[in-house]
Amino acid sequence: MNIYDFTVKTNKGIEKSLADYKGEVLLIVNTASKCGFTPQYKELQELYMKYKDQGFTVLGFPSNQFAGQEPGTNEEVAQFCQYNYGVTFPLFEKGDVRGENAQPLFQYLTEQKKFKGFDSAHPIASRLLGALQEKSPKFLDGDSIKWNFTKFLVARDGTVSGRYEPTTSPLQMAGDIEKLL
Amino acid sequence: MVKVYSISNCPWCDKVKKYLKAKQIDFTEYNIEEDEAARDMCYKISGDLTVPVTTIDGKAFVVSFDKAKLDELLGL
């Protein structure tokens, strides 16, 4: 079983085999509804624009599974929403990324790369952890996707080379992406 | 005329609109999910598709619900 065995559906409902991306460096991410407290679309789009000519793409999988667990907003948190489709990288059909109905692709990714905790240096890390402990403690069990914008890097040969939690901003991944290009 | 660029189900957009209403400021709302021309305009103004964006002249603008900046923009 490898990453190219998976077939997913585009946001237009068309089946797409990940084998079509063979030889490219992939950043696979579960994107969030537009008002998530850490919208990372902008940086994902920046990475995509910067590296796409070198055989890199971002694959976004919208999921709204975490909406109900959003940490309380306060002044430090950006008070805006992002228009979902302000990005030009491929977006796929909305679906679950954790739990019984999780898309097989995400089951595979989380098996390949385990959860190693949030980056506590990130300003939202403690609040995110607190919100999960309070509202969805089960989400913290095991290696499942914990939150929106969990990112996986896939090398040109299909190896899942890294997992980056929501507490890693996309631009922080630039160095790792360049190593794979 | 004050313009507010928004999307649906956007709590921060709602707050800006409520705030403007409370201050009795007339404004026109543009939902960039539904209105492609407004989406392009919003992008032109702020260089992003983040909302709410509040502007009068399309040059000076405020992203998000930021009371201090809104007051400054609107001369309150």
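Two strands count as paired if DSSP finds at least two bridges between them. Keep that rule in mind, because strand pairing will guide us through this structure, starting with one spot where it applies: B:Val4 stands opposite B:Thr54, which belongs to strand 4 of chain B. One caution before going on: what you're looking at is a predicted model.

Let's stay with chain B for a moment. The pair B:Val4 and B:Thr54 belongs to a wider match, in which strand 1 and strand 4 (residues 53-55) of chain B run antiparallel and are joined by three bridges. Strand 1 of chain B (residues 2-6) also pairs with strand 2 of chain B (residues 27-31), this time in the parallel sense and over five bridges. You can pick out one of the partners here: B:Ser6 is matched with B:Asn31 in strand 2 of chain B. How does the chain get from strand 1 to strand 2 of chain B? It crosses through helix 1 of chain B (residues 11-22), and this β-α-β crossover is right-handed.

Now put those strands into their sheet. Chain B has an open sheet of four strands in the order 2-1-4-5, and the pairing is mixed. Strand 2 and strand 5 (61-63) of chain B have a single partner strand each, so they stand at the edges, with one side left without a neighbour in the sheet. From one strand to the next, the twist averages 20°. Helix 2 of chain B (residues 36-46) packs on this sheet and touches strand 1, strand 2, strand 4 and strand 5 of chain B, with its direction making about 80° with that of strand 4 of chain B. Helix 3 of chain B (residues 67-74) lies across strand 1, strand 4 and strand 5 of chain B, and runs at about 165° to strand 5 of chain B.

On to chain A. Chain A has four helices and seven strands, and along the sequence they follow the pattern β-β-β-α-β-β-α-α-β-β-α. Of the 181 residues in chain A, 33% are buried. If you take the contacts in chain A between residues at least 6 apart in sequence, 74% of them join residues at least 24 apart.

Chain A has an open sheet too: four strands in the order 4-3-6-7, with mixed pairing. Here strand 4 and strand 7 (160-164) of chain A are the edge strands, each pairing on one side only. Ignoring direction, neighbouring strands of this sheet are turned by 20° against each other on average. Strand 3 and strand 6 of chain A run antiparallel, joined by four bridges, and A:Leu26 stands opposite A:Val154 of strand 6 of chain A. Helix 1 of chain A packs on the sheet, where it touches strand 3 and strand 4 of chain A, and its direction makes about 150° with that of strand 4 of chain A.

Follow A:Val154 to its other side, and you find A:Val160 as its bridge partner in strand 7 of chain A. Strand 6 and strand 7 of chain A pair in the antiparallel sense over four bridges. Together they form a hairpin with five residues between them, and in the turn A:Gly158 has a positive phi of about 95°.

What sits in the largest nonpolar core? This core has 29 residues, and A:Leu26 and A:Val154 are among those that touch the most other members. Several elements of chain A supply at least two residues each, including helix 1 (41-51) and helix 2 (104-112). Strand 3 of chain A gives the most, with five residues. Apart from this core lies another one, of 18 residues, and its members include A:Tyr83, B:Cys13, B:Ile32 and B:Leu70.

That brings us to where the chains meet. Ten residues from chain A and 16 residues from chain B take part in the contact. On the chain A side, five are nonpolar, three polar and two charged. Strand pairing turns up here as well: strand 5 of chain A (residues 81-82) and strand 3 of chain B (residues 50-51) run antiparallel, joined by two bridges. In this pair, A:Gln82 stands opposite B:Thr50. Is A:Gln82 buried or exposed? A:Gln82 counts as buried because it has 24 C-beta neighbours inside 10 Å, and the cut-off for being buried is 20 or more.

Technical notes
Residues numbered from 1 in each chain as written. Chains lettered and ligands numbered in written order. Predicted model: local features only at pLDDT ≥ 70, side-chain atom pairs only at ≥ 80, totals over all residues. Right-handed = clockwise from strand over helix to strand, strands pointing away. Contact = placed C-beta atoms within 7 Å. Nonpolar A, V, L, I, M, F, W, Y, C, P; charged D, E, K, R; others polar. Core = buried A, V, L, I, M, F, W, Y, C linked by C-beta atoms within 7 Å. Buried ≥ 20, exposed ≤ 12 C-beta atoms within 10 Å, placed from the backbone. Axes fitted to C-alpha atoms, helices over the stretch in contact; angles between N-to-C directions.
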